[in-house]
Amino acid sequence: MAYESPTYRVEERIDEIELRRYEPYLVAETLVQGPLERAGNGGFRLLAGYIFGGNKTADGDSTKIAMTTPVTQDRVGDQYRVRFMMPTQYTDESLPAPKDPRVTISEVGPQRLAAIRYRGRWTRDSYERHLRKLSDTVRHAGHTAIGEPIWARYDPPWTPWSRRHHSATMKSTGLPARSAPDRSLVVAWFFCR
């Protein structure tokens, strides 16, 4: 089954890495305490509750919202922010309100990302190995990595580990057109289909 994902276009390739320009999109998000894996699981449950009916429409009813990809998480202070992309059929005004006050709606603005794809188990060691490879490659290409990594998962948990596709990503800070390309990037991590 295919799930809707953020729209992007590839601007440049550096060896195995793609520099991608992402369009803005809405997310449901929550902040969760705990180590990386436990925070991701806890945040996932809260956000799944929202899209499976833990919400309130303008009529006062609740509705189910289609699943999308990715599920992302990034460090914010001593917590992790976990996000679900919202289907593009919704606007900020048309999305149902979360019943749980720990879930909020926000927009992820346009971003420029560098991604490297791989396959295998979803482990911290694999994450760190591919993140180092991504960081080294973009640094050698003249980019500056800034900010916290973003860990995003595209495959559902029931996908066999041998069939999971992953990739690492980086985004730029400046989006206005310039005579020289923006070489400043934020390290981000994406698990791709």
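Two strands are said to pair if DSSP finds at least two bridges between them, and in this predicted model V71 stands opposite R153 in strand 11 in just such a pairing. The protein chain holds two helices and 13 strands, and buried residues make up 48% of its 193 residues. The points below begin with the chain as a whole and then turn to the strands, the helix that feeds the core, the cores themselves and one buried arginine.

**The chain as a whole**

- Among contacts between residues at least 6 apart in sequence, 73% join residues that are at least 24 apart.
- The surface that the protein chain exposes comes to about 10100 Å², and carbon and sulfur atoms supply 50% of that area.

**Strand 6 and its partners**

- Strand 6, which covers residues 79-85, is largely enclosed by the rest of the structure, because five of its seven residues are buried.
- Strand 3 (residues 25-32) pairs with strand 6 in the antiparallel sense over six bridges, and within this pairing E29 has R83 of strand 6 as its bridge partner.
- Strand 5 (residues 71-76) is also joined to strand 6 by six bridges, and these two strands run antiparallel, with V71 standing opposite F84.
- The hairpin formed by strand 5 and strand 6 has two residues between the strands, and in this hairpin G77 takes a positive phi near 65°.

**Strand 11, paired with strand 5**

- Strand 5 pairs with strand 11 as well, in the antiparallel sense and over four bridges, so that V71, which stands opposite F84 in strand 6, also stands opposite R153 in strand 11, a strand pairing being called whenever DSSP finds at least two bridges.
- In a regular strand the side chains alternate between the two faces of the sheet.
- In strand 11 (residues 150-153), I150 and A152 point one way while W151 and R153 point the other way, and all of these residues are buried.

**Helix 1**

- Helix 1 has 16 residues, which at 1.5 Å a residue should span 22 Å, and the distance of 22 Å between its end C-alpha atoms agrees with that expectation.
- Its buried residues are L36, A39, G40, G42, G43, L46, L47, A48, Y50 and I51.
- Just after helix 1, G53 takes a positive phi of about 125°.

**Nonpolar cores**

- The largest nonpolar core has 21 residues, and those with the most contacts inside it are Y50, I65, M86 and L95.
- Strand 3, helix 1 (36-51), strand 6 and helix 2 (124-140) each supply at least two residues of this core, and the largest share, six residues, comes from helix 1.
- Leaving aside neighbours within four places in sequence, M86 is in contact with L26, V27, A28, Y50, I51, I65, T68 and L95.
- Apart from the largest core lies another, of seven residues, among them I14, A114, L134 and V138.

**R112, a buried arginine**

- R112 lies in strand 9, which covers residues 111-119.
- Its relative accessibility is 4%, and R112 therefore counts as buried, the cut-off for that class being under 20%.
- The side chain of R112 makes a polar contact with the side chain of E11, at 3.0 Å.

Terms used. Residues numbered from 1 in each chain as written. Predicted model: local features only at pLDDT ≥ 70, side-chain atom pairs only at ≥ 80, totals over all residues. Heavy atoms only, no water. Buried < 20%, exposed > 50% of the residue type's maximum accessible area, 1.4 Å probe, protein only. Core = buried A, V, L, I, M, F, W, Y, C linked by side-chain atoms within 4.5 Å. Contact = heavy atoms within 4.5 Å. Areas by Shrake-Rupley, 256 points an atom, 1.4 Å probe, with all protein chains shown as cover. Expected span 1.5 Å × (residues − 1). Polar contact = N/O pair within 3.5 Å; in protein donor to acceptor, adjacent residues only side chain to side chain.
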